[in-house]
Amino acid sequence: MTIKDGRMGIRGSSQPQMREPESEPAIERAIDETIRRYFMRHEPSPRVYARAISTAQQPSAAGRDGSTLRSWIVAAASATAALLLVNIALHFFGVVAARAASDIDGRTGPFLLWLSSTGLARWINESETVFGYSGILFLHTLGLAMAVGASVVVDLRMLGAASRISVAALLPVFRFMWIGFILNALSGAMLFAADAPRKAANPLFEFKLVLIAVGIAVMAMMERSLLKSGSGAALVGSERRLTNLAITSLVIWTAAIAAGRLVAYTL
Amino acid sequence: MHAFAIWLKGTDLSWLVTHHGWVWATCEALHFIGMSILFGCIGALDVRMLGWWKSPPVAGVNALVRWGVFGFLINLVTGAVFFIGEPLQYVDNPAFRFKMLFLVLAGWNVLLFYVTGVADRIESLEPDDDAPISAKVFAGTSLFLWVGVMFFGRMLPFLGNSF
C-alpha cells in the first residue's frame, strides 16, 4: 500500500499551488504523467520492497534485543497465570454451573427453547454421521487451530522471533486468522444451538465468549496498526504497543482455550 | 498391549491423573494450546511453500519451525498424561490408532523433507519466489496429515469411548 501511497504522492505534488504561467504546469503535467506511467509499468517488486523494509527495520530490531527476553518472560508468566486462573475458576464455576444445571428448565427463556427445538438443532444432535455433532466439533477445532495458530505466528514475530520475516509480510497471516474465526463463529453457533439451554446457563461459557471478543479485538488492533504503519520506518514508534498487544493476545487466547475446554467438562 | 494398559492403569501416576480433576482439565487446555502453536508454526511453512503466503523469505519462516516443535513437545507430554490416566480407553479405540498412524506418517514426512534435501533447496528462497513442486508436495502432505491427526483426535469420543 506504500507503493500506492508513493504513486499518489507523486500525482498529488503535481497540483499547482498557485497560478503560474500556462506553459509550466503543462510541462509539469507531462513530466508527471511520464513518472506515473513509469511507476505503473515498473512497480517495485515485493522482493525489493520487503528488502527495503527489513533494512529500515534493522536498527530498531537491534535496539530491542534487551527487552525481548523480558517480553518472553512476561508472556510466558502471564499465559501460565491465565491458564491457572481459568482452572481455579473451574472449581468455583463448576459448583455454580452444577446448581444452574439443576434449574435449567425453570430458567430457559423462549428464545433458547425455540432454538433447541429447531430442525437444525435436532439434526445436529441426532445425526449419527460425521456431518453431525462430531464433524461440526472437528471444524470448530480446525478453526481454533487456524485462528490461534495464525495469531501465535504474528505474536511470536512481534516478540522478536523469526525476525527475518518483515513486519509488512505478516499482513497476509491475518487472512488465515479471519478464516479460522469465521469458521468458528459458524460452527460455534451450530454447537450452541444443539445445546442452547445448558450452554447459556454455564457462566464459563459467557466467560469464554468475552475472552474471544477481547482476543479478536486485540488481533484487529494489531492488524490495523500494521496496516497503518505499512513501512518499517513508521513502525518504530508503535513497537512497544505492538509488543504489549502480542503479550495480551497470547494471554487471552490461552485463557479462551482453557475456558472453552472447561465448558466441555463442567456440564 | 492390554497387559501393559492394565498395568499402567494400576500405577500411582495413573491414579494421580484421574483423581485430581484439575490435572486432566489443565492438560486438555495445554493440549489445545500446543496444537495451535504446532499447527500455526508448521502450517506457516506449509502455506509459504504452497505459495499461499509468499511475502516472507523461506529462511524467515523456517525460524518458526522450532516453535512448532515446542508445541509438539507440549502435546507429546500432555498426550502421554491422558494415556497414563486412562490407557484402557485408548488401546482399543480405532480413532486413536488412526491418530497414531497419521502422527507416524507426519513424522515420516518431516524426516523425508529434510533427508531428501528439499528443505535445503528452498532455504534460500526470497520473498515472492515460488517453491519447487517437490516442496509443494511435502507441504500439502504435511497439512493433510496434521489435519488428519486433529480429526482423529477429535473423533476419539465418537468412534471410540474416550472422553
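Let's begin at one small spot: Ala162(A) is buried, with a relative accessible area of 10%. The cut-off for calling a residue buried is under 20%, so Ala162(A) falls within it. Where along the chain does Ala162(A) sit? Look in the loop between α8 and α9 (171-194) of chain A, and you will find it there. This alanine also has a backbone feature to notice: its phi is near 50°, which is a positive value in a residue other than glycine. Please keep in mind as you explore that everything here belongs to a predicted model.

Now step back to the whole of chain A. Its secondary structure comes to 13 helices and zero strands. Following the sequence, you therefore read the pattern α-α-α-α-α-α-α-α-α-α-α-α-α. Chain A has 267 residues, and buried residues make up 46% of them. How are its contacts spread along the sequence? Taking contacts in chain A with a separation of 6 or more, 83% are between residues 24 or more positions apart.

Next, consider how confident the prediction is. The mean pLDDT of chain A is 76, and 67% of the residues in chain A reach 70 or more. Which helices mark the two ends of the range? Confidence in chain A is lowest in helix α1 (residues 2-13), with a mean of 40, and highest in helix α8 (residues 133-158), at 95. Over residues 1-17 of chain A the pLDDT is below 50, and this stretch has 20 contacts in the model beyond near neighbours in sequence. Residues 59-65 of chain A also stay under 50; for them the model has seven contacts beyond four places in sequence. Here is a good habit to pick up: where pLDDT is low, the predicted coordinates should not be read in detail.

One more stop in chain A is Ala217(A), which lies in helix α11 (residues 203-229). Is Ala217(A) buried or partly exposed? With a relative accessible area of 36%, Ala217(A) is partly exposed. You can also compare its place in the sequence with its place in space: Ala217(A) and Leu191(A) are 26 residues apart in sequence, and their C-alpha atoms are 23 Å apart.

Let's move over to chain B. This chain has 10 helices and zero strands, and from the N terminus on its elements run α-α-α-α-α-α-α-α-α-α. The C-alpha atoms of chain B fill a box of roughly 55 × 25 × 25 Å, taken along the principal axes. Of the 163 residues in chain B, 55% are buried. Among contacts in chain B between residues at least 6 apart in sequence, 77% join residues at least 24 apart.

Within chain B, try finding helix α7 (residues 94-115) and helix α9 (residues 133-154). They pack at an angle of about 160°, with their axes 8 Å apart. That makes α7(B) roughly antiparallel to α9(B), because angles over 145 degrees count that way. The crossing of α7(B) past α9(B) is left-handed. Among the residues that meet are Phe98(B), Phe102(B) and Leu105(B) in α7(B), and Phe138(B), Leu145(B) and Trp146(B) in α9(B). The residues of this contact divide into 14 nonpolar, five polar and one charged.

Chain B has its own residue with a positive phi: for Asp128(B), the value is near 75°. Asp128(B) lies in the loop between α8 (118-122) and α9 of chain B. At 39% relative accessibility, Asp128(B) counts as partly exposed.

Finally, see where a helix from each chain comes together. α8(A) and helix α3 (residues 21-50) of chain B pack at an angle of about 70°, with their axes 7 Å apart. That makes α8(A) roughly perpendicular to α3(B), because angles from 65 to 115 degrees fall in that class. α8(A) passes α3(B) in a right-handed crossing. The contact includes Leu142(A), Met146(A), Val152(A) and Leu156(A) of α8(A), along with Phe32(B), Met35(B), Phe39(B) and Ala44(B) of α3(B). How do the residues of this contact divide? For α8(A) with α3(B), there are 14 nonpolar, four polar and no charged residues.

Conventions. Residues numbered from 1 in each chain as written. Chains lettered and ligands numbered in written order. Predicted model: local features only at pLDDT ≥ 70, side-chain atom pairs only at ≥ 80, totals over all residues. Heavy atoms only, no water. pLDDT = per-residue confidence, 0-100. Helix = DSSP H or I, 4+ residues; strand = E, 2+ residues; numbered from the N terminus. Contact = heavy atoms within 4.5 Å. Axes fitted to C-alpha atoms, helices over the stretch in contact; angles between N-to-C directions. Parallel < 35°, antiparallel > 145°, perpendicular 65-115°, else oblique. Left-handed = near helix turned anticlockwise from the far one by under 90°. Nonpolar A, V, L, I, M, F, W, Y, C, P; charged D, E, K, R; others polar. Buried < 20%, exposed > 50% of the residue type's maximum accessible area, 1.4 Å probe, protein only.
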